[in-house]
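Student: Please take me closely through one part of this model, the strand pairing and its surroundings, in one connected account.

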Amino acid sequence: MRKFLFMIGVLLSITMTPLTAKEDVPMSIVMKGQDKKLTTVKRTPMILPLEITYDDTTHIIEVNSEEDIDACVSIKTEDGATLGYSAYLNTSLNVPSDFIGLLTIIIESNEWTAEGEIEVF
């Protein structure tokens, strides 16, 4: 009976592990031409239909949007070197497998800029 329960536990632990290790990347959005001064008006933050994920097993950053947004995507290192660039929003960018450090993902449109950081181990 113990062996049977042990086998069930092993099977459950195998099936419940995630197949890929994708990590969502939080982004901060800044409107272009907007002052940084404080105002008394409390506005809700702008929400863009973007999904940015990093898969640490394949070293790929995926940027997806359900809406048709004209924007470009770039990945930069801490020292400002560009590791990847795409003129289209819905794209996949490769990170070198030997890279270790902080990456900045920048998405630029005519009206706004979104930035997010991810630590790559």
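**Hairpin, sheets and core**

Tutor: Strands β5 and β6 are paired in the antiparallel sense, over four bridges. The model in which this pairing appears is a predicted one. Within the pairing, Ser74 has Tyr85 of β6 as its bridge partner. Together β5 and β6 form a hairpin, with five residues between the two strands. In the turn, Gly80 adopts a positive phi of about 95°.

The hairpin belongs to an open sheet of five strands, ordered β2-β9-β8-β5-β6 and paired in the antiparallel sense. Its edges are formed by β2 (28–31) and β6 (82–86), each of which pairs on one side only. From one strand to the next, the twist averages 15°. In general, the strands of a sheet pair through backbone hydrogen bonds, either parallel or antiparallel.

Next to β5 in the strand order comes β8, followed by β9. Strand β8 (residues 101–109) pairs with strand β9 (residues 112–120) over eight bridges, in the antiparallel sense. Thr104 has Glu117 in β9 as its bridge partner. Ile106, also to be considered here, is found in strand β8. With a relative accessible area of 13%, Ile106 lies below the 20% cut-off and therefore counts as buried. Between Ile106 and Gly116 the C-alpha to C-alpha distance is 6.7 Å, with ten residues of separation in sequence.

The strands also contribute to the nonpolar interior. The largest nonpolar core has 21 residues, of which Ile61, Leu103, Ile105 and Ile107 touch the most other members. At least two residues of this core come from each of β3 (50–55), β4 (60–65), β5 (71–76), β8 and β9. With four residues, β9 gives the most to this core. In soluble globular proteins, nonpolar side chains tend to be buried together.

Strands β3 and β4 lead to the second sheet. This open sheet of four strands has the order β1-β3-β4-β7, with antiparallel pairing. Because β1 (22–24) and β7 (91–94) each have a single partner strand, one side of each is left without a neighbour in the sheet. Neighbouring strands here are turned by 25° against each other on average, direction ignored. Between β1 and β3, which run antiparallel, there are three bridges. Asp24 stands opposite Thr53 in β3.

The loop between β3 and β4 deserves separate attention. Asp56 has its place in this loop. Asp56 has a relative accessibility of 40% and so counts as partly exposed, a class that lies between the 20% and 50% limits. In space, Asp56 and Glu23 are 7.9 Å apart, C-alpha to C-alpha, although 33 residues separate them in sequence. His59 is placed in the loop between β3 and β4 as well. At 16% relative accessibility, His59 falls under the 20% limit and therefore counts as buried. His59 also has a positive phi of about 60°, although it is not a glycine. Most residues other than glycine have a negative phi.

A nonpolar region at the surface completes the account. Met1, Phe4, Leu5 and Ile8 make a nonpolar surface patch of about 460 Å². Of these residues, Leu5 lies in helix α1 (residues 2–15). Leu5 has a relative accessible area of 51%, over the 50% limit, and is therefore classed as exposed.

Methods
Residues are numbered from 1 along each chain as its sequence is written. This is a predicted model: local features need pLDDT of at least 70, side-chain atom pairs count only at pLDDT 80 or more; totals for chains, interfaces and linings use all residues. Side-chain values use heavy atoms; hydrogens and water are left out. Patches are made of residues with over 30% relative accessible area and no salt bridge: like charges are joined within 9 Å, nonpolar side chains (Val, Leu, Ile, Met, Phe, Trp, Tyr) within 5 Å. Accessible areas come from the Shrake-Rupley method with a 1.4 Å probe; for residues, only the protein chains shown count as cover. A salt bridge is a side-chain nitrogen of Lys or Arg within 4 Å of a carboxyl oxygen of Asp or Glu. Buried means under 20% relative accessible area, exposed over 50%, partly exposed in between (1.4 Å probe, protein chains only). Two strands pair if DSSP finds at least two bridges between them. Axes are lines fitted to C-alpha atoms, for helices over the stretch in contact, and angles run from 0 to 180 degrees between N-to-C directions. A nonpolar core is a set of buried Ala, Val, Leu, Ile, Met, Phe, Trp, Tyr and Cys residues joined through side-chain atoms within 4.5 Å.
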